[in-house]
Amino acid sequence: MKFFNFSNLFSKNMAMDLGTANTLIYVKGKGIILNEPSVVAYEKNTGRILAVGRKAKNFIGRAPHNIAVVRPLKDGVIADFDVAQAMIKEFFLKVQKMSRFFKPKAVICVPAGITQIEKKAVIDSAEESGVRKVYLIEEPMAAAIGANIDISQNKGQMVIDIGGGTTEVAVLSISSVAYSESVRVAGDEINETIGRYLLKNYRIQVGENTAEKCKMEIGSAYPVDGLSSLYNIAGKDSISSSPKEISLSAEEIRKAIEEPVYAVIDAIRRALEKTPPDLVVDINMDGMYLTGGGALLKGLDKLIHKETKIKCNVIEDPLISVVLGSGKALEDMKKYSRVFIN
Ligand code: ADP
Ligand code: MG
């Protein structure tokens with residue numbers, strides 16, 4: 001009598017978007033089952049993990065000095081290997097509790113233009129966390145698949161992915177990335193710019209999460225309708241250290257964040273400079289596609305259109321398009337075999 005192979009019974013393959021700001025996991029046949037900030041809080045002297053994900057993000061700006069709160073992928077690839085791996089393991093454990101899979105195959109998203117060494121760090125990290133076989137897919141490619149853009153044709157498409165730590169601009173054609181450009185200016189830099197502006201002009205210090213919330217509520221790249229005129233923000237006086245609250249207008253925040261916003265536009269320009277004329281003509285036909293959480297900055301699509309003369313489409317649900325696309329590639333690995341890189 002033959003034994004049943006129970007491991008196969010629980011085997012579920014998955015796709016993972018390990019972002020600088022957020023990690024998302026898609027399980028085959030199920031969809032997205034985890035969506036958490038890529039943040040880890042640990043005790044400095046023992047290295048013991050205290051929290052990962054949403055709970056750890058809430059520690060930012062509130063943790064005592066013996067607790068480190070870090071984002072191990074801040075610059076787009078794995079910078080702190082041990083912490084990154086601990087985080088991935090915790091997320092896998094969470095997901096496993098929900099779906100009990102065993103030694104899965106995994107599709108993992110990586111920035112376009114990743115080096116061989118960086119690829120190896122991602123693969124090793126996933127394998128040590130219990131993944132049997134790793135397939136890599138470039139993030140802009142995954143975002144395009146997630147947005148139902150036909151990436152297999154011989155026609156250029158441009159995808160701009162604005163995340164937390166990095167902005168990636170890629171030109172796709174015939175199921176691969178033809179040109180790409182990356183800058184370390186994205187959502188985080190906009191938050192930091194708001195923090196510096198407030199300190200300089202109002203002598204008020206605010207936490208990172210508070211600056212981010214301000215950006216999401218009244219931040220904009222171009223004048224848009226329906227933005228409430230004033231926003232109250234609380235922090236502490238940088239001189240007296242007393243609590244302090246001030247009101248800000250949408251217009252002044254727009255001016256304050258011009259520098260990082262234009263750094264993104266410059267990256268798009270550089271990518272267009274590198275792109276051959278026929279592909280630029282192709283891109284102009286459908287317009288470019290904007291994704292990543294940074295795509296939600298109000299008016300950014302309008303500003304890009306104004307500055308490049310190319311129409312700009314914001315992909316639906318930009319925070320999940322990358323994991324949705326890798327999930328789609330996972331569901332039909334044969335059809336998408338050409339998009340996996342090695
Ligand atoms: P990553 O792929 O690098 O993890 P994400 O695509 O998850 O990044 O995007 C995270 C970034 O998007 C953060 O900087 C966050 O502040 C920003 N973001 C999320 N929602 C909004 C919003 N409504 N307006 C502006 N920025 C936003
Ligand atoms: Mg991303």
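Here's a quick tour of this protein's confidence scores, its core, two of its helices and its cysteines.

What you're looking at is a predicted model, where local features need pLDDT of at least 70, side-chain atom pairs count only at pLDDT 80 or more, and totals for chains, interfaces and linings use all residues. Residues are numbered from 1 along each chain as its sequence is written, and side-chain values use heavy atoms, leaving out hydrogens and water.

**Confidence**
- The protein's mean pLDDT (the predictor's confidence in each residue, from 0 to 100) is 92, and 95% of its residues reach 70 or more.
- Over residues 1-10, though, the pLDDT is below 50, and this stretch has four contacts beyond near neighbours in sequence (contact means heavy atoms within 4.5 Å).
- Where pLDDT is low, don't read the predicted coordinates in detail.

**The core**
- The largest nonpolar core (buried Ala, Val, Leu, Ile, Met, Phe, Trp, Tyr and Cys residues joined through side-chain atoms within 4.5 Å) has 44 residues, and Met-158, Leu-198 and Ile-268 have the most contacts inside it.
- Helix H9 (residues 258-274) gives the most to this core, chipping in seven residues.
- If you skip its neighbours within four places in sequence, Ile-268 touches Met-158, Ile-160, Val-169, Met-288, Ile-304 and Thr-308.

**Helix H4**
- Helices (H or I, at least four residues) and strands (E, at least two) are DSSP runs, numbered from the N terminus.
- H4 (residues 116-128) has 13 residues and spans 18 Å from its first C-alpha to its last, close to the 18 Å expected at 1.5 Å a residue (1.5 Å times one less than the number of residues).
- Lys-119, Ala-121, Val-122, Ser-125 and Ala-126 are buried in H4; buried means under 20% relative accessible area, exposed over 50%, and partly exposed in between (1.4 Å probe, protein chains only).
- Seen down the axis of H4, those buried residues fall within an arc of 160 degrees (taken from the directions from the helix axis to the C-beta atoms), so they line one face of the helix.
- Turned away from that buried side are the exposed residues Gln-116, Ile-117, Lys-120 and Glu-128.
- After H4 comes Gly-130, with a positive phi near 105 degrees.

**Helix H7 and the cysteines**
- In H7 (residues 208-218), the buried residues are Ala-211, Glu-212, Cys-214, Lys-215 and Ile-218.
- They fall within an arc of 165 degrees seen down the axis of H7, so they line one face too.
- Their cover includes helix H2 (54-59), helix H6 (187-202) and strand S13 (230-237).
- Cys-214 is buried at 0% relative accessibility, and Cys-312 is buried at 10%.
- The model has zero disulfides, a disulfide being a pair of cysteine sulfur atoms within 2.5 Å.

Key:
Chains lettered and ligands numbered in written order.
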